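Student: Could you take me on a close look at the largest cavity in this model, and at what surrounds it?

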Amino acid sequence: MKKYLIIIGLTLSTTLSANAQKFEDYFEDRTLRLDYTFAGDDILQQIYVDELVSLPHWYGRRERLEELPLRGNGQITMRSKADDVVIYRHSFSTLFQEWLATDEAKHTQKSFENVFLVPYPKAPVEIKVELFDYHNEVTNSLTHTVDPKDILIRKAGERNITPFEVLHQARDTSRCIHIAFVAEGYTNDEMDHYLADCKAAIGSLFRHEPFKSMQDRFNIIAVKPTSEESGTSEPSKGIWKHTALGSHFDTFYSDRYLTTLHLKRLHDVLAGTPYEHIIILVNTEHYGGGGIYNSYNLSYTGGKYFLPVVVHEFGHSFGGLGDEYTYGNDDPMYFPDTEPWEPNLTTQATAFIKWDNLIKEGKAGLYEGGGYLEKGVWRGCENCRMRTNEEPEFCPVCQQALVQLIKFYTE
Ligand SMILES: [Zn+2]
């Protein structure tokens with residue numbers, strides 16, 4: 001499926017950072033959920049604070065807090081007001097930015113929900129949100145102050161928690177990657193079916209390296225919100241259903257693009273469960289899915305491509321990997337003057353190449369075509385999970401990038 005991925009970067013930050021700061025110096029063992037509205041059109045965008053939410057426990061990293069593993073299409077930077085040092089950074093991609101590349105964004109202003117999780121500060125902080133364009137330029141930013149004692153920060157996740165089951169326990173749950181599956185379009189009678197789909201997806205994930213040999217670093221739960229109706233909405237057929245997350249096909253009028261735009265509802269369902277990375281399983285036989293870096297992975301479950309698709313989309317949503325296939329060459333998102341932040345694509349085939357070490361070892365090369373373009377974007381190997389559903393593995397370039405990322409979160 002085509003992903004309207006926007007490629008962005010950022011010049012190196014020269015801001016002061018709190019080197020080797022201790023988590024306990026600045027944060028409580030809680031999560032601050034930041035809800036924003038991103039609004040506008042392809043010319044002008046705005047960012048607004050929607051709501052702040054306090055959740056029990058923090059399930060993200062407790063080391064390397066001021067570092068970023070990947071640039072992403074947007075970033076959040078949290079600074080301590082007392083000593084003006086960066087105490088946490090986070091990067092992400094959004095459906096809003098994908099939408100900005102569509103025709104609709106040329107003549108309509110729309111708003112999108114966005115939700116991000118950061119550790120809960122002990123003292124007032126300044127939070128900056130930035131969005132980037134195709135050429136590494138900041139297109140929009142918002143800076144606001146958060147006082148952790150603000151009485152209007154809504155407390156959630158302390159009771160009425162959505163039922164969930166632990167399906168795979170990490171060796172050390174205090175230093176692991178927390179993944180939550182979420183049921184979408186499964187009725188109460190279909191929960192056994194959902195759990196079987198979760199287990200099949202975990203099996204598929206752990207058949208792929210490097211997840212296979214690093215599986216003890218992952219903690220995986222299945223969250224079980226029930227849907228009133230089975231399946232998902234298919235607007236092109238006039239079908240709209242009442243489901244837990246309000247997902248639908250035809251996102252941005254692209255028939256196979258299955259997403260949910262209801263990020264707040266998604267995170268309300270997850271409140272109080274141990275989660276950071278999200279995999280939504282949609283109970284439909286209609287092929288589709290999508291993966292947005294550090295937002296969510298969503299996959300159909302009712303067909304023969306479910307198992308490769310859920311891993312491919314996890315490559316996007318967790319790994320920040322780009323698509324290695326070509327697709328029509330329209331509306332390019334990669335340009336010769338800008339190196340993609342995705343670790344498995346390059347536009348600089350004659351200069352420094354990200355996977356130089358693998359080329360020297362004879363494990364990778366340079367293959368033109370990727371990021372939806374036949375020319376001007378190169379990948380490292382002939383085939384990969386990020387290129388076709390038939391290939392059974394991630395290529396060595398993607399595997400290397402995933403190992404680095406897993407280590408970033410867990411070491
Ligand atoms: Zn690859």
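Tutor: Happily! One definition first: Ala, Val, Leu, Ile, Met, Phe, Trp, Tyr, Cys and Pro count as nonpolar, Asp, Glu, Lys and Arg as charged, and the others, Gly among them, as polar. Please keep in mind that this is a predicted model.

A search of the whole structure turns up five cavities of 30 Å³ or more, and the largest of them has a volume of about 190 Å³. Its lining holds 16 residues, with His-90, Glu-276, His-277, Asn-294 and Ser-295 closest to the centre. Sorted by class, the lining of the largest cavity comprises eight nonpolar, six polar and two charged residues.

Where does this lining come from? Strand 4 (86–92), strand 5 (110–121) and strand 12 each supply at least two residues, and strand 5 gives the most, with three.

Strand 12 also leads us into a sheet. Residues 277–282 form this strand, which pairs with strand 10 (residues 177–184) in the parallel sense over six bridges; Ile-279 in strand 12 is the bridge partner of Phe-181. The sheet is open, with six strands in the order 9-11-10-12-14-13 and mixed pairing. At its edges, strand 9 (164–168) and strand 13 (289–292) each pair on one side only.

Strand 5, for its part, takes us to the second largest cavity, where it provides the largest share of the lining, five residues. That cavity encloses about 100 Å³. Among its 14 lining residues, Leu-95, Glu-113, Asn-114, Leu-263 and Ser-295 lie nearest the centre. Ser-295 is thus named for both cavities.

Methods: Residues numbered from 1 in each chain as written. Predicted model: local features only at pLDDT ≥ 70, side-chain atom pairs only at ≥ 80, totals over all residues. Heavy atoms only, no water. Pairing = 2+ DSSP bridges. Helix = DSSP H or I, 4+ residues; strand = E, 2+ residues; numbered from the N terminus. 1 Å grid on protein atoms, 1.4 Å probe; cavity = no way out; pocket = protein on both sides within 12 Å on 5 of 7 lines; lining within 4 Å. Points joined across faces, edges and corners; volume = space filled by probe spheres on them.
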